[in-house]
Amino acid sequence: MKSFNKLFTLSLVTLAVSSVAHADVRINGFANFTGGIASSEDTLYGFEDSIDFANQSLFGLQVSGDVSENVTATGQIVTRGSDDFSANFEWAYLTYAATENTSISIGRLRMPLFRYSSSLDVAYSYHWVVAPASVYDVPFNNIDGVRVDYAGYSGDWEYGLQFVVGNVNNEFTLGGQPGELTINNVALVSADLAYENWKFRGVYAAGKVTFDIPALDAPLGQLGQISSDFESKLQAVDDSGVFYGASIEYDAFNWFVAAEYTGIEIEDSFYPQEENYYVTAGIRAGKWTPFITYEKSDINRDPKFVGDIAAFPAPLQVPLTQLVVGIQQSVMSENNTLSVGTRYDLSTSIALKADITKFTNDINDEEDSLVRFAVNYVF
């Protein structure tokens, strides 16, 4: 799958470059130079108790050009400090403008999961230093597939619909352990509505999910020696998963308030039901935008399949319970975060930001704080 994706992306980029060789090429760039320091030795969002300027910094270039009257090629290269500033093609796709209201894109695309999905890496586009991790920190932002966009008006309402199908393959970290995530046969639909000062959004996606986490091989193997049925239940191999979300925003120009909610469910696996949300508000006073944000992340549900253990002989119930619960607890978490910060618009393309964040682990009541500052610009 990886080799196919690389070949697909390379072929698409080659086509795009060759096609726009004699056409106007548009180049846009963006950068986030972010520094931060945490209050303890515990890592918070990748920051520790010594100042770090690389972890959440990035630089990106987006190149687009008209292949024909109705076809546009787009590629986006991003270098991230968290990845030693290695350059990666995150977007590479062709877009066909079928009508004034409808477009069809094919290639490696950003999934329309969130309110700020399309501009997630362009921190200049929002008031935070970094978008709320409780909601936006997911390992499946990009997809190899097809997206259909439709936009229009109905009276005073403005609306947009997006349909996406494709596959996701990405490295990720779960419960502090590295692994690989594969989501096949993804189908996603999202809708955006705007009316005067209001904006509404909803999204629903489904796919077949597989987790490959080497650290879980040993406990799953032990579970399989006792019950292959339970091993199969807890493994996440081609299991049906869903993602859903909603957001609402009221923007009165000199002040705003917004909230966003997401959930993830993979029923036939060890992964608990996940719910996340944030609420944010801010005031625009000239070039200043002070804001406050509260976030909540809950991946701490009652362990699955525990009731099924009662059907086993008594000598097997204790080891089964320990393994079934232990595997699920390894990925459980529950926390809340409060951030206070400000944005200062130095010019029409440069923003200075700073925030102070307090993070609380609700499971063990541990707390940590983080101070961040950033320069965001677009060109």
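**Cores, strands and exposed loops in a predicted model**

Phe270 touches Leu174, Phe211, Ile213, Leu216, Lys233, Leu234, Ala236, Ile327, Gln328 and Val331, when residues up to four places away in sequence are left out of the count. The model examined here is a predicted one. Within it, the largest nonpolar core has 51 residues, and those touching the most other members are Phe140, Phe211, Leu234, Phe270 and Tyr271. Two of these residues, Phe211 and Leu234, also appear among the contacts of Phe270. A second core, separate from this one, consists of 6 residues, including Leu58, Val78, Val122 and Ala351. In soluble globular proteins, nonpolar side chains tend to be buried together.

Nonpolar side chains also occur at the surface of the model. Val25, Ile27, Phe59, Leu61, Val63 and Phe379 make a nonpolar surface patch of about 480 Å². Strands β1 (25-38) and β2 are the elements that give two or more residues to this patch. The largest contribution, 3 residues, comes from β2. Ile27, one of the patch residues, is placed in strand β1. Ile27 counts as exposed because its relative accessible area is 54%, and the cut-off for exposure is over 50%.

Strand β2 (residues 58-66) also contains Asp66. The relative accessible area of Asp66 is 36%; this residue is therefore classed as partly exposed, a value between the limits of 20% and 50%. The side chain of Asp66 takes part in polar contacts with two other side chains: one of 3.2 Å with Arg26, and one of 3.4 Å with Thr72. Asp66 can also be compared in position with Asp24: the two residues are 42 residues apart in sequence, while their C-alpha atoms are 6.9 Å apart in space.

Two buried residues in other strands were examined next. Arg110 belongs to strand β5 (residues 102-110). With a relative accessible area of 7%, Arg110 is buried, because the limit for burial is under 20%. A polar contact of 2.8 Å links the side chain of Arg110 to that of Asn142. When neighbours within four places in sequence are set aside, the residues in contact with Arg110 are Glu90, Trp91, Ser117, Ser118, Leu120, Asp121, Asn141, Asn142 and Arg147.

Gly241 is located in strand β10 and is likewise buried, its relative accessible area being 9%. Apart from neighbours within four places in sequence, Gly241 has contacts with Ala205, Ala206, Gly207, Val209, Glu265 and Ile266. A further residue, Val186, lies 55 residues from Gly241 along the chain, and a distance of 9.5 Å separates the C-alpha atoms of the pair.

Finally, two loop residues show positive phi values. Asp84 is situated in the loop between β3 (71-80) and β4 (87-97). Its phi is about 55°, a positive value, although Asp84 is not a glycine. The relative accessible area of Asp84 is 68%, so this residue is exposed. Phe253 occupies the loop between β10 (239-251) and β11 (255-265). Phi of Phe253 is near 75°, again positive in a residue other than glycine. Phe253 has a relative accessibility of 63% and therefore counts as exposed.

Technical notes:
Residues are numbered from 1 along each chain as its sequence is written. This is a predicted model: local features need pLDDT of at least 70, side-chain atom pairs count only at pLDDT 80 or more; totals for chains, interfaces and linings use all residues. Side-chain values use heavy atoms; hydrogens and water are left out. Helices (H or I, at least four residues) and strands (E, at least two) are DSSP runs, numbered from the N terminus. Buried means under 20% relative accessible area, exposed over 50%, partly exposed in between (1.4 Å probe, protein chains only). A polar contact is a pair of N or O atoms within 3.5 Å; within protein, one must be able to donate a hydrogen and the other to accept it, and residues adjacent in sequence count only if both atoms are side-chain atoms. Patches are made of residues with over 30% relative accessible area and no salt bridge: like charges are joined within 9 Å, nonpolar side chains (Val, Leu, Ile, Met, Phe, Trp, Tyr) within 5 Å. Accessible areas come from the Shrake-Rupley method with a 1.4 Å probe; for residues, only the protein chains shown count as cover. A salt bridge is a side-chain nitrogen of Lys or Arg within 4 Å of a carboxyl oxygen of Asp or Glu. A nonpolar core is a set of buried Ala, Val, Leu, Ile, Met, Phe, Trp, Tyr and Cys residues joined through side-chain atoms within 4.5 Å. Contact means heavy atoms within 4.5 Å.
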